[in-house]
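Here is a short note to read alongside the structure. Keep the 3D view open and find each element as it comes up.

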Amino acid sequence: TGCYMSIEYIIPTLKTKLPYYKKIDDLSGGAVKVKEAGKTYLPEESGESDLSYKSRLSKATYFDTFNSTVDGLSGLIFKKPITYSEDIPTQLEPMIENADAQGNHMDVLIEKFFVKALQKGISFALIDSPKAVDVKTKADEQAQGIKPYITIINAENVTSWKTTTVNGQLILSQVKIREFIQVDDETNPYETKTIEQYRVLEIGTYQIWQNKEGKDILIEEGTTNLNFIPLVALNLENDEYFSAMPPFMDLAELNIAHYQIFSDSRHSAHIASVPMLKMFGFDAEELKSIVISANRAVTSTNTDATVEWLDYKGDGVAVNETLLAKIETKMREMGLSVISQDKTLTATEVNISSAQSQSKLNGYVRALIDSVELIFQMAARMYGVEDGGSIYIDADILTQPLQPADVLALNTMVVSGNMSIDTMFKIIASGSFRLGDDFDIEVEKETISKDGLLTNDTER
């Protein structure tokens with residue numbers, strides 16, 4: 001009879017990646033999501049009371065370098081509008097203006113497609129069309145106004161897949177996609193609830209399944225009249241088919257480490273800044289009546305009694321400060337390394353140039369263009385048109401090369417706390433190493449202290 005396998009099955013290749021994807025999701029949610037995770041990223045110390053931990057968590061500060069880096073790199077790619085070539089079929093022009101059937105332009109979908117891949121290494125785009133009624137031909141579809149639309153799918157929601165080889169080419173033969181849909185809540189006529197379902201696509205057919213009370217229920221099935229599965233992957237790492245590790249996992253881990261150490265440092269500084277009163281030679285009865293305040297003196301019948309402050313030197317706080325500075329420098333270097341030609345170089349050694357086609361970021365752009373053009377090709381074939389046309393994304397990161405001395409100066413300003421990461425990326429995107437006339441170092445420091453890593457001379 002064989003072994004029953006639930007529709008909720010997750011392919012092992014994906015299952016190994018899920019803990020990393022969860023961590024990336026939490027960091028992508030920023031400081032609020034990280035702090036909401038509580039002990040996941042800020043562990044409770046052995047012997048620490050719940051009350052003490054809650055107090056420490058409430059004072060913890062998370063400086064979001066991960067999202068600043070992802071947003072900065074994405075900004076470099078989409079600093080100019082995407083160019084759609086004249087060879088894109090006229091049938092697809094409405095899809096450019098309304099790519100997701102919700103009014104969003106194709107530019108918006110492409111950027112979302114890329115950012116999700118930048119976060120997790122891979123993202124997916126499903127090309128779908130509304131369910132048709134009494135449709136037999138392409139003309140019937142056009143008469144009903146049925147147009148393809150695109151849905152961006154997170155890496156963790158493509159839960160299993162199969163491939164086959166046709167004429168020497170590896171093609172997707174089956175894929176299972178987890179979806180979340182809104183339905184009416186039968187217990188409350190004013191509410192909706194989210195349920196989980198699975199779409200199983202094979203070449204020419206589809207099925208929709210739900211698991212109810214431990215049983216897999218087939219909700220819907222039908223044919224697609226397609227000789228391919230309309231799912232496109234944007235894989236920035238290209239190590240595995242339909243699977244990838246987050247390219248900035250190391251940066252994410254460092255950002256969490258910074259959060260933990262900064263919390264320890266701040267908590268320790270708080271303790272060190274509040275001296276403790278030390279009293280010797282007082283009997284039990286005397287201690288009962290003693291009140292400590294600025295307007296009272298402490299007396300005792302014991303002439304040898306002493307009162308003094310126990311002050312903590314706080315040498316460990318200084319050690320933490322040094323470690324934090326090293327982590328901050330390394331996180332910034334990781335962001336810059338993606339736009340360098342040699343990923344083994346640090347940010348102080350790279351020479352960033354528009355001619356360096358071997359940089360990771362330029363490789364990411366090429367992968368994005370290929371994936372988007374495949375989306376257009378699949379959408380065109382839904383209309384019976386073979387070629388979907390092409391697009392152009394300006395892959396020249398800089399209009400003028402930045403010399404090593406320029407990069408060193410940029411990195412030094414960021415590391416010293418005199419320039420935010422966002423400003424650094426704006427300068428790189430401008431194509432010229434020049435601080436604008438409106439650059440105000442005091443305003444920049446204030447921005448850093450509020451939104452990014454604190455400056456060296458700002459009280460931590």
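**Notes on the sheets, a helix residue and a cavity**

1. Five strands form an open sheet in the order β4-β5-β6-β7-β8, and the pairing is antiparallel. The edge strands are β4 and β8 (215-223), and each of these pairs on one side only. Direction ignored, neighbouring strands of this sheet are turned by 25° against each other on average. The model is a predicted one.

2. Take the pairs in this sheet one by one. Strands β4 and β5 run antiparallel and are joined by 8 bridges; within this pair, T165 stands opposite L170 in β5. Between β5 and β6 there are 11 bridges, again antiparallel, and Q174 stands opposite E202 in β6. Strand β6 (residues 192-202) is joined to strand β7 (residues 205-212) by 5 bridges, also antiparallel. The bridge partner of L201 in β7 is Y206. As general background, strands of a sheet pair through backbone hydrogen bonds, either parallel or antiparallel.

3. Which residue in the turn between β4 and β5 has a positive phi? The two strands form a hairpin with 2 residues between them, and N167 in the turn has a positive phi of about 55°. N167 is not a glycine. The loop that holds N167 runs between β4 (158-166) and β5 (169-184). Is N167 buried or exposed? Its relative accessible area is 81%; the cut-off for exposed is over 50%, so N167 counts as exposed.

4. Two other positive phi values deserve a look. A101 has a positive phi of about 60° although it is not a glycine, and A101 sits in the loop between α6 (93-97) and α7. G30, just after α2, takes a positive phi of about 80°. In helix α2 itself (residues 18-28), the buried residues include Y21, I24, D26 and L27. In general, an α-helix has 3.6 residues a turn, so residues three or four places apart point the same way.

5. A second open sheet has 3 strands in the order β3-β2-β9, with antiparallel pairing. Why do β3 (149-153) and β9 each have one side without a neighbour in the sheet? They stand at the edges and each has a single partner strand, so one side of each is left free of a neighbour. Neighbouring strands here are turned by 25° against each other on average, direction ignored. Strand β2 (residues 122-128) is joined to β9 by 5 bridges, and the two run antiparallel. F124 stands opposite A233 in β9.

6. Helix α7 (residues 106-120) lies across β2, β3 and β9. This helix runs at about 145° to β2.

7. N235 belongs to strand β9 (residues 231-235). With a relative accessible area of 9%, N235 is buried, because the cut-off for buried is under 20%. What does the side chain of N235 reach at 2.9 Å? It reaches the backbone oxygen of E240. A polar atom of the N235 side chain also lies 3.2 Å from the backbone oxygen of S243. Leaving out residues up to four places away in sequence, N235 touches G121, I122, E240, F242, S243, A244 and A367.

8. I375 is found in helix α12 (residues 360-382). Its relative accessible area is 2%, so I375 is buried. Which residues does I375 touch, not counting residues up to four places away in sequence? They are M106, F113, A125, I127, I150 and V232. I375 and P230 are 145 residues apart in sequence, yet 8.0 Å apart in space, C-alpha to C-alpha.

9. How many cavities of 30 Å³ or more does the structure hold? There is 1. The largest cavity has a volume of about 30 Å³. The residues that line the largest cavity are L14, K17, Y21, I122, F124, A155, W161, F242 and S243. Some of these names have come up above: Y21 is one of the buried residues of α2, F124 faces A233 in β9, and S243 offers its backbone oxygen at 3.2 Å from the N235 side chain.

Conventions
Residues numbered from 1 in each chain as written. Predicted model: local features only at pLDDT ≥ 70, side-chain atom pairs only at ≥ 80, totals over all residues. Heavy atoms only, no water. Helix = DSSP H or I, 4+ residues; strand = E, 2+ residues; numbered from the N terminus. Buried < 20%, exposed > 50% of the residue type's maximum accessible area, 1.4 Å probe, protein only. Contact = heavy atoms within 4.5 Å. Polar contact = N/O pair within 3.5 Å; in protein donor to acceptor, adjacent residues only side chain to side chain. Pairing = 2+ DSSP bridges. Axes fitted to C-alpha atoms, helices over the stretch in contact; angles between N-to-C directions. 1 Å grid on protein atoms, 1.4 Å probe; cavity = no way out; pocket = protein on both sides within 12 Å on 5 of 7 lines; lining within 4 Å. Points joined across faces, edges and corners; volume = space filled by probe spheres on them.
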